[in-house]
Amino acid sequence: MQKSVKTRSARKERDFSIAIITLLFMAVLALIHPQYRSINNYMNILREASFVGIAALGMLNVIITNNTDLSIGTMMALAAVIMLKLMPTVGVPAGILICILICVSLSLLNGYLVVYCRISAFILTLGMQYAFKGIAFIITHQKIIAAKDPLFTQIGNMNLFATKGFDGIPLPFVIFLVSTIISYILLHRTGFGRKLFAISNSENAAYLAGINVKLVKLLTYGILGIFVGIASIMISSRLWMASAEMRVSYEFDVITIVVMGGAALTCGKGSVINTFISSIFFAMIYNVINHFNVDPYWQYILRAVLLALSIYASNLRVVIRNKLDQHRFRKEITRLMPESGDK
Amino acid sequence: MKFLKLWEKIGIYGLTLFVFLVCWALLGENFVSAYNLMNVLMQICLVVIGSVGIVFVITSGLIDMSIGSIYTLTSIVVGIGLTKLNIGTVGSVVLALLVGVCCGLVNGGLVVYMKIPPFVATLSTMLAFKGVSYLISSGKDIMYISHESFKMISSGTILGIPNPVWIMAILLIAGYLVYKYTRFGVYVRACGSNASVTKISGIPVKRVYFLCYICSSVFAVIGGIISASRTLIGTSTAGATYGIDCICAVVLGGTLMAGGKGNIIGMFFAALLLGFMKNMLNMLNLEFYYQYVITGFILVFALVMGNLRELLQARKV
Amino acid sequence: MDTILKISGITKQFPGVKALDNVSFDVERGEVHAVVGENGAGKSTLMKILGGLYSADFGEITINGKKTAIRGVLDSLKSGISVIYQEFNLVPMLTVAENIFLTRLPGKSGVVNRKKLNEKCSELMHELRLDINPSAMVSELSVSEMQMVEIAKAVSFDSSIVIMDEPTASLNDKEVATLYRLIDDLKRRGTTILYISHRMKEIFDLSDRITVLRDGCKIGTYNTNEITEEELIHKMVGRDITKFYHSNDDESSETGEVVLEVKQLCKEGFYKDISFQLHRGEILGLGGLMGCHREEIAKTLFGLMHPDSGTIVLNGKPIQIDTPADAIRNRIMFSTDDRKNEGILPDMGVDENLTIAVLNKICKGGNGLIHYKTESAFVKEYTDYMQIKYASPSQHILHLSGGNQQKVLLARSLLTDCEVLILMEPTRGIDVGAKSEIYSMLRQLAARGIAILMITSETQELITLCDRAIVIYQGTISGALKSNDSGSAAITEDNLMFCATGNKHIFYEGAKQ
């Protein structure tokens, strides 16, 4: 009776690499410079992390199901622009709702075209990126739209629990944290999340198990829309304005974060926690660059290297694991060979 | 169904013709004057040149997101060659081409040897090359107004036709001939269509990939040289949308994203179409950004049309 | 005795199964040598070794008296061997001429002389009297035309040995005639042909000698004109009954009312006039050889294909099955034969793999929060029942043996509480011990009232497990056999093979024709 091949302990081989890297980074910085022992600086970092991290949470689901969305940057700008234009008339709550609705609708449109019309996600969302940018320009006539409502601008700038010496926890981070928890539950604790992982493991197997693969993929785009909407609100609030060209290359930042967090672009594995940590790491790098007055241009090289390395590392992990499995398997096979030739 | 077949064959040409006629109708003689049409050709030169390289890359099944940064890097490298190293026009051009080849090798290496998916790999190099541009220019712009000979690259004319248009024509024809009539062209299509069968048959797939990336880089460099020659400033902000413009023209022109089928002539017509649009927007005094919307919509439209056949057959099987 | 190819002692082991075991035979120059055997006998593996795609674990290949090492496709071509596989080695987006001469494009210094290329190709086509346009895109050719291109490619390499793996699997009669002609042409050029097939008519029409493989071993090599079809079939299937295939006399094979009925199912190019009934508690086998399209019938019942006409009736009500989700809702479940790509979720645990088809049982609406307690209860219950060996429920499924993985997939189906279970090759690639466990599992399921439709290539399974067996030949029902039939329509190896090869059509009394 053939026994199973000897096992590795846990199922979820938690990938701690990004966490370890981040902690090491923090430790080294803390040693070098007093700024990095200041909690207020970390609060700033956390705030910056929230702006990209929240979209990364949504993008994670999309990437897990083997798709992408390159239009979220301009989508965010367009929604912000429309929201701020209408806000004086309709008020803050309605404005916020409109922003989210716009992002969700546009995202679902992308999703429909990619999933049901089977258009390559990459090129489609690239085209949409263009279209959104253009529309935003047309609406704003290349001008900036200022946010005037004091209630609104609090969203991105407010800090909670401030005391003497401590500036407080940024509200965006609180929103990010809550979103992370919700994402975590959605991805790792619900049936829907299971479906996402099933699709990323094997679309065929998921389909044969009765999962409506297309609908699930469409929903990931919808969820991304919600998160992009929230990001849009936070960012325009923080900047006190919206423009057609706010945060250029936003989508690349977001995708970088997701990829660094371990969701290899090919066979999407994914972890909300790692994406969360990855956003913080990303924000830390920016902080360091600004702080040490490093040529901001180094950031490009740094980001490029990080991106390439993280993929290479995850490929390497897979390759190493496969080799180990093969080796183990070969041992088992020779042990079993006398049995299997049975007639 | 027959309509779809027709579309696949001549859709882009028909669409371009349509846009041409619309522009003519809206703008009258000003649009179809020889001067204006030559203007349009001048405008699309850069994108067409860069796109020739991209056609090869996409046809072989890969993608190159970094040509925008290579374009930028070129303007800096040329600037340095002209002003700091003083190696003259020819020297700077050669230097830039060498840099381009290196960039192509980097892209190829990441994809072939480090097995990084082409999208991510060239996304990284897009950032990296941009960073290098900033670094070697220290973030400052480099002016080289005084170099007359370099200026001639873009402002000179032969037989009344501007140099860049000649360069574009030559490269376009060369690209077409290579694609259709060389072994390399066949191999590129083979790799894009079915890489594993191609590999088993003994074709050096890795070499093909490297060559494709070198192609796209070198063509991007040429585009960058012409642009630098025109603006006479080496700036790190050039080329922001170059990569996307080229990919749009290529896909609009009928090259399949999945690989295996490239369309150089179609790409030219697509660039022409986009050029007509920009021209029209200019003449109607509409701001530059209207082009984004129209480009975006046309691209989406073309993509949907391209997939329509699959869509309609989706229910079968 | 001019031996061009000598195969000695070829052995090839795959995980869990020995595909070839010390196979040796000779092939004479200029002959058409058929290699026959059931599904899984090892024919394709042997051809892939000769073609350089696999390498044998042991054994030697001798060509023209010289020992030859074949380490890759190029080696194989150089030794004069061309293989035409069932899945063609053609590049879809290239023209016919480009495909044939891909590695030998005419022209100087990198430039392709298209005129010469097309001329060379036309010459080739002309020689073989084929009517294919050299500049046609391969993706637009029919299957038969693609095959002819492959043959032309082999001829262009001047291969002395051409191997054809089930060449007529997707051809109609007219196309088969063209193939015959081509083979004739090849023969006249002195080419040696290795022809893999199970279609009796072709084997006896074309071949000079026949080698029979069974379960990876060579049974014998015979002159075609010295053996009859019946004898050949006997050689292909005959074997000693092994002790662990015990008959199912002891289990009550009570079958109940009709739960699923299929009427006149037709799909152009795949199957025609398929009608049968499936009863509660019965195990119905669907037999047939490669290319008979029985897989498509099963897939249609699960919503993976849509028939052109015909009805499916479940418990008396006609139903429409458009997607697997529809089927599952109707309590029909499917277990794939391609465990690796369509069955398991490789990076997930045993528990997740088990419950993936019944998410609505462990969380609200299939999307809500997962009740881990309920899930664990299910996992424990079913893994105990199926005796799945694992270290912990959350263990990666890839670490389980093939047999245990298959059990997990079966358990996944059971969890759905299905009335009808469609199994595709349930014991493929599984060791002997696990197989017998699965067999007894299946009998228990049938005893519980589940109706099982089983596609398998192992004749023993059809004989000992199934209450009835329907045999498909070229897309139509060619036989209906009953286990323990008093007449001549029992499920025996011979009957199965006769029907599967179209040699005879055997129906038990009372079976609908």
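Two residues are in contact if their C-beta atoms, placed from the backbone, lie within 7 Å. With that in hand, let's work through some exercises.

This is a predicted model, in which local features need pLDDT of at least 70 and side-chain atom pairs count only at pLDDT 80 or more, while totals for chains, interfaces and linings use all residues. Residues are numbered from 1 along each chain as its sequence is written, and chains are lettered from A and ligands numbered from 1 in the order in which they are written.

**Exercise 1. Describe chain A and chain B by their helices, contacts and burial.**

Step 1. Start with the contacts of chain A that have a separation of 6 or more: 78% of them are between residues 24 or more positions apart. In chain B, 79% of the contacts between residues at least 6 apart in sequence join residues at least 24 apart.

Step 2. Now look at the secondary structure, where helices (H or I, at least four residues) and strands (E, at least two) are DSSP runs, numbered from the N terminus. Chain A has 13 helices and four strands; chain B has 14 helices and four strands.

Step 3. How compact is chain B? Its radius of gyration, taken over C-alpha atoms, is set against the globule rule, 2.2 Å times the number of residues to the power 0.38. The value for chain B is 20 Å, close to the 20 Å that the rule gives for 317 residues, so chain B is as compact as a globular protein of that length. Its C-alpha atoms fill a box of roughly 65 × 55 × 35 Å along the principal axes.

Step 4. For burial, count the other C-beta atoms (placed from the backbone) within 10 Å of a residue's own: 20 or more is buried, 12 or fewer is exposed, and in between is partly exposed. Buried residues make up 51% of the 343 residues in chain A and 53% of the 317 residues in chain B.

**Exercise 2. Follow I199(A) and its helix into the structure.**

Step 1. I199(A) sits in helix α8 (residues 191–201) of chain A. Is this residue buried or exposed? It counts as buried because it has 23 C-beta neighbours inside 10 Å.

Step 2. Setting aside residues up to four places away in sequence, I199(A) touches T65(A), A206(A), I211(A), V213(A) and V216(A). F166(A), by contrast, is 33 residues from I199(A) in sequence and 45 Å away in space, C-alpha to C-alpha.

Step 3. Widen the view to the helix: 11 of the 11 residues of α8(A) are buried, so α8(A) is largely enclosed by the rest of the structure. Its buried residues pack against α2 (39–64), α7 (171–189), α9 (203–208) and α10 (213–239) of chain A, together with α12 (350–355) and α13 (359–362) of chain C.

**Exercise 3. Compare what each interface is made of.**

Step 1. Begin with chains A and B, where 35 residues of chain A are in contact with 39 residues of chain B. Which helix gives the most to the side of chain A that touches chain B? That is α5(A), with 13 residues.

Step 2. Sort this side by class: Ala, Val, Leu, Ile, Met, Phe, Trp, Tyr, Cys and Pro count as nonpolar, Asp, Glu, Lys and Arg as charged, and the others, Gly among them, as polar. The tally is 25 nonpolar, six polar and four charged residues.

Step 3. Turn to chains B and C, where 19 residues of chain B are in contact with 18 residues of chain C. On the side of chain B that touches chain C, α9(B) gives the most, with six residues. By class, that side has eight nonpolar, seven polar and four charged residues.

**Exercise 4. Decide how to read chain C.**

Step 1. Check the pLDDT, the predictor's confidence in each residue, from 0 to 100. Chain C has a mean of 85, and 94% of its residues reach 70 or more. Over residues 240–252 of chain C the value is below 50. Where pLDDT is low, the predicted coordinates should not be read in detail.

Step 2. Find two residues other than glycine with positive phi. S109(C) has phi near 40° and is found in the loop between α3 (96–100) and α4 (114–127) of chain C. N315(C) has phi near 50° and lies in the loop between β14 (309–314) and β15 (317–319) of chain C.

Step 3. Compare their surroundings. S109(C) counts as exposed because it has 6 C-beta neighbours inside 10 Å, whereas N315(C) is partly exposed, with 15 other C-beta atoms within 10 Å.
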